[in-house]
Amino acid sequence: MTSNDTKPFEKVVVHPLVLLSVVDHFNRMKQVGNTKRVVGILLGSLRNKVLDISNSFAVPFDEEEKNKDVWFFDHEYFENMYSMFKKVNGKNGIKFFNIKFKFLK
């Protein structure tokens with residue numbers, strides 16, 4: 001990174017509930033045979049260059065077997081969930097949505 005580049009944030013804080021939710025979603029998907037990838041929405045805020053990830057939710061997701069560039073993402077579910085989260089905490093916005101795990105055996 002050069003001196004002309006500016007960082008959008010200097011610190012990232014991820015609340016424990018978020019970590020628990022992500023691992024829980026991965027483990028639930030693993031029980032039904034899907035261990036490739038899980039997708040979820042990370043919600044948080046950015047203040048004074050501190051990215052604060054305070055909540056998250058999983059989103060139904062699948063990908064085509066033959067072409068991994070083709071995703072099946074439930075937009076209606078996403079919009080309904082995000083709408084509910086915005087009612088509870090309007091300050092939180094979407095920060096990231098694609099999470100891929102690869103656990104070593």
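What percentage of the 105 residues of the protein chain count as buried? In this predicted model, the share that counts as buried is 27%. The accessible surface of the protein chain amounts to about 7900 Å², and carbon and sulfur atoms account for 56% of that area.

The secondary structure gives the frame for what follows. The protein chain contains two helices and six strands, and along the sequence these elements follow the pattern β-α-β-β-β-β-α-β. Contacts across the sequence can be described as well: among those with a separation of 6 or more, 62% join residues that are 24 or more positions apart.

The N-terminal part of the chain may be taken next. Strand S1 comprises residues 11-14, and Val14 is found in that strand. Val14 contributes to a nonpolar surface patch of about 400 Å², together with Phe9, Val12, Leu19 and Leu46. Residues enter such a patch with over 30% relative accessible area; Val14 has a relative accessible area of 36% and is therefore partly exposed.

Helix H1 covers residues 16-31 and holds both Asp24 and Arg28. These two side chains form a salt bridge in which the closest N and O atoms are 2.8 Å apart. A search of the whole structure finds one salt bridge. Asp24 and Arg28 are four residues apart, about one turn of the helix. An α-helix has 3.6 residues a turn, so residues three or four places apart point the same way. The partners differ in their accessibility class: Arg28 is exposed, at 53% relative accessible area, whereas Asp24, at 34%, is partly exposed.

Strand S2 (38-47) and strand S3 (50-58) are joined by a loop in which Asn48 is found, and Lys49 has its place in that loop too. Most residues other than glycine have a negative phi. Asn48, although not a glycine, has a positive phi of about 50°. Lys49 is likewise not a glycine, and its phi is positive at about 65°. As for accessibility, Asn48 is exposed with a relative accessible area of 75%, while Lys49 is partly exposed at 36%.

Two residues of strand S3 show what surrounds this part of the chain. Asp52 lies in S3 and is partly exposed, with a relative accessible area of 21%. Buried means under 20% relative accessible area, so a value of 21% places Asp52 in the partly exposed class. Leaving aside neighbours within four places in sequence, Asp52 is in contact with Val13, His15, Leu43, Gly44 and Ser45. The C-alpha atoms of Asp52 and Lys11 are separated by 8.4 Å, although these residues are 41 residues apart along the chain.

Ser56 is also found in strand S3. With a relative accessible area of 10%, Ser56 is buried. Residues up to four places away in sequence not being counted, Ser56 touches Val18, Ser21, Ile41, Leu42 and Phe85. One of these, Phe85, is a buried residue of helix H2, to which the description returns below.

Strand S5 consists of residues 71-73 and includes Phe72. Is Phe72 buried or partly exposed? At 46% relative accessibility, Phe72 counts as partly exposed. Phe72 touches Pro60, Phe61, Asp62, Glu63 and Glu64, with residues up to four places away in sequence left out. Between Phe72 and Pro60, which are 12 residues apart along the chain, the C-alpha separation is 8.3 Å.

Helix H2 (residues 75-88) has 14 residues and reaches 20 Å from its first C-alpha to its last, close to the 20 Å expected at 1.5 Å a residue. Which residues in H2 are buried? They are Phe78, Met81 and Phe85. Around the axis these residues cover an arc of only 75°, which puts them on the same side of H2. On the other side of H2, Glu76, Glu79 and Lys87 are exposed. Helix H2 thus presents buried residues on one side and exposed residues on the other.

Conventions
Residues are numbered from 1 along each chain as its sequence is written. This is a predicted model: local features need pLDDT of at least 70, side-chain atom pairs count only at pLDDT 80 or more; totals for chains, interfaces and linings use all residues. Side-chain values use heavy atoms; hydrogens and water are left out. Patches are made of residues with over 30% relative accessible area and no salt bridge: like charges are joined within 9 Å, nonpolar side chains (Val, Leu, Ile, Met, Phe, Trp, Tyr) within 5 Å. Accessible areas come from the Shrake-Rupley method with a 1.4 Å probe; for residues, only the protein chains shown count as cover. A salt bridge is a side-chain nitrogen of Lys or Arg within 4 Å of a carboxyl oxygen of Asp or Glu. Buried means under 20% relative accessible area, exposed over 50%, partly exposed in between (1.4 Å probe, protein chains only). Contact means heavy atoms within 4.5 Å. The expected span of a helix is 1.5 Å times one less than its number of residues. The arc is that of the directions from the helix axis to the C-beta atoms.
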